[in-house]
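Subject: Structure handover

Hi,

Here is the structure for you to look over. My notes follow below it.

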Amino acid sequence: MKTLYLSFSVLRRNWLAFLIVCAVMTVALTLLVSAVAEYRHITAARDALQAEVLTEATFFALPMDSEGYSYLPQEILASPACKTVVTLASGGLAKDSGGEYYNTTVFSHAAVQAIALPMQSGRYLDPHADAPEAVISDAYRGNLSLGDTLVLKDGTAVTLVGFVRGEMPLPDFNSWGTDMSADRLFEANNDNVLVFLPDRMIGTPRPVAAVIPREDATEKERLALSEFLASLGRTVSFAGFMERTELTIDAALREKLPLPLFLLVIATLAMISVAALAIERSMREQSRYFLLGCSKRRSMGILSLAVSAVFSLPIAVNLVLLYAFPDFLRFDTDAYMLGNEILLPLLLYWGACLLLTFALTYLLYGKYSPLAFYRKNLT
Amino acid sequence: MIKKCLYIAAGKLKHFLTDNPFVFVMFFLGSAACSLMFLYFWGNLQYTVSTSQAVSYTATLRSPAQTDNGTLFAIAETYDVRMDAIYALSDETDAALLCTNRPENFSVWGCEWTDLDEAGTVIVSDISLLPDEFARKLRTVGRTSSRYCFVSQNTVSSLGLPATEIRLTLPHTISSAKQTEFLQTFAQNTSHAYLLTETTRTMPVGELLGVVLPMLAVYLLCMFAMLYILVYVLEGMAYELSVYGLLGASNAKLVLIPAIVQSVLLAAANGGAVLLHVLLYDVLFSRINLYEFAYSPAMYLQASVLMLALSFAVMFIYLRFRIGNYAVVNFRRNLQ
């Protein structure tokens, strides 16, 4: 109790500096957590695309028709150079055993192979499965559990085999934007159940697709396919598509990261400086404690406790925000992924700060013998 | 007397730098980081303001005239002016062609802009229909979601259409003399057939303050956290200054001595940050900018003056508050 009181008195004597630095650090960490969550979101869509399957693919988007909708033309599949089309379709509503309804998105066989989503539990859709199966985002699992059965509008029973990790954006393929990039093909906070139906699709395919040519197609056939796609809508090669994705990611990083990083660097340096100053200022007081019989370890403990408490407060505030008020970290955007992965860098930073605190106390204080300390500060 | 103050300040500065180098290294690094952050804000803000306020004109056709589109586009290119010429095709509908020297500002599908090089080609709009008369004459090479159909200068020339409206956006770096010269050249080459109206958008003061004030507040908050270290400087000098006060030194001089020490430290940190920014601009700082632009010496100067003015203001207010008017009071306070 005495140690706590003495630590608090160290903070009280420098309260203004500690308060300001603490505020700057809290804001910096909040902005940084939010920026990292957004970064995880925009890169998650890119990471879900399987490069080895899509290397030869051409991404294709139909323009919107006069009613605002368009569907993938079936003639694309009929083209001699076309091997397969990675696309999705709406499966309508599905009902679980409890009577709850879910929107469904049907994956083609090619889509299951080309898009791999990180799983929280269970397993991902198996392209070789004989029976229909489904996965849903873990964030929207509701009362569902692994092995549950959902019934599609045509009566098909689908087994739930896995939960996609947290807030992972799910493939949407409904965007006819003129600037196709990975993040635009995926939709955040999607409560859809992703369904794999072997050998068939329900509904009409979405207006965006990755068209994969046959390996044995001649250059002439490939060119004819490219020209055909270009005559229908907008096309871009997989390399071009990924290049645009990287540009999108780069632009988002430029916009979101510099301010929190600047603030964090400044707050950390300021915190170290203010801590060093607070330790310097308490030297006379500590030397009196020495004279009165206080051990060096305890004296250092008083100072370390005070400084580490200030370092810990911004981390604690952000942990509370992360788990109790995640919506606060959204900053008006749905495009973010929080999750436990963000916890690790936060805890690492905290650990580094604590280590620094003890090192600082030892550096400024611990290297003196009690006698040297009296002479330095009380003379 | 000033010389004496400078001498004392120099001695104190040397003493502090050697007595506790750790705190001063932290101060330099922190202040330099604050300055770098401010430079980042300032540069991007200046660029945003200058580009959003690019001088622009709209030229509206007021009398029938046969103007050579090629010549107008050549003039625009000479002055690095963006020129979008619009050709209304029908009085009943809003169908129109657009010819531009900055195609990168428009999105098209199923084609490249170079596909328009051939005369008689068009990129059709998904929104507005091309009148039959023109649809028969022109070959479609692609599509766009713009309300205009895109054509090249060759096509416009072959159709013999006069532009009904020309939108001109001047580069933000253009001087007023060059601007006048361009407008005169443009008017002469169109035989004054167009009415030129300035359509420059100026950023409202409220909008500008909405960006600048938070920027200054963030900088001041960060700088205040670093300036707190300078309290250490003052505390180290307080007793000596109070003795000077008892011996008859004026209050202004008592403020001046720590102010010189602290100003040197601040200016050095700021100068170091600017130097670092210049040296590492290509490898680091240009990559974190929101836009691609180069910092001019004027931008560095403006940012430095603003940063130092803000820091000095905070510092002087603190010193004036800390060093009271009565020498005896100062002395008693520092004896405790």
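Start at B:V283, which sits in helix α10 of chain B. Keep in mind that this is a predicted model.

B:V283 belongs to a nonpolar surface patch, together with B:L275, B:L276, B:L279, B:L280 and B:L284. The patch has about 540 Å² of accessible area in total. Two helices of chain B, α9 (251-279) and α10 (281-288), each give two or more residues to the patch. The biggest contributor is α9(B), with 3 residues.

Next, the interface between the chains. On chain A, 33 residues are in contact with chain B, where 37 residues take part. Together the chains bury about 2,900 Å². Carbon and sulfur atoms give 75% of that area. Three residues stand out on chain A: A:R254, A:F262 and A:L277 supply 23% of the area that chain A buries against chain B. No other three residues supply more.

Polar links are listed here. There are 0 salt bridges between chain A and chain B. The count of residue pairs in polar contact, with both residues at pLDDT 80 or more, is 1.

Which elements of chain A give two or more residues to the side that touches chain B? They are α2 (15-48), α6 (219-232), α7 (238-256) and α8 (258-281). The largest share comes from α8(A), with 15 residues. By type, the residues on that side of chain A are 23 nonpolar, 5 polar and 5 charged.

That is what I have for now.

Best wishes

Methods. Residues are numbered from 1 along each chain as its sequence is written. Chains are lettered from A and ligands numbered from 1 in the order in which they are written. This is a predicted model: local features need pLDDT of at least 70, side-chain atom pairs count only at pLDDT 80 or more; totals for chains, interfaces and linings use all residues. Side-chain values use heavy atoms; hydrogens and water are left out. Contact means heavy atoms within 4.5 Å. Buried area is the accessible area (1.4 Å probe) that two parts lose on being put together, summed over both. A salt bridge is a side-chain nitrogen of Lys or Arg within 4 Å of a carboxyl oxygen of Asp or Glu. A polar contact is a pair of N or O atoms within 3.5 Å; within protein, one must be able to donate a hydrogen and the other to accept it, and residues adjacent in sequence count only if both atoms are side-chain atoms. Helices (H or I, at least four residues) and strands (E, at least two) are DSSP runs, numbered from the N terminus. Ala, Val, Leu, Ile, Met, Phe, Trp, Tyr, Cys and Pro count as nonpolar, Asp, Glu, Lys and Arg as charged, and the others, Gly among them, as polar. Patches are made of residues with over 30% relative accessible area and no salt bridge: like charges are joined within 9 Å, nonpolar side chains (Val, Leu, Ile, Met, Phe, Trp, Tyr) within 5 Å. Accessible areas come from the Shrake-Rupley method with a 1.4 Å probe; for residues, only the protein chains shown count as cover.
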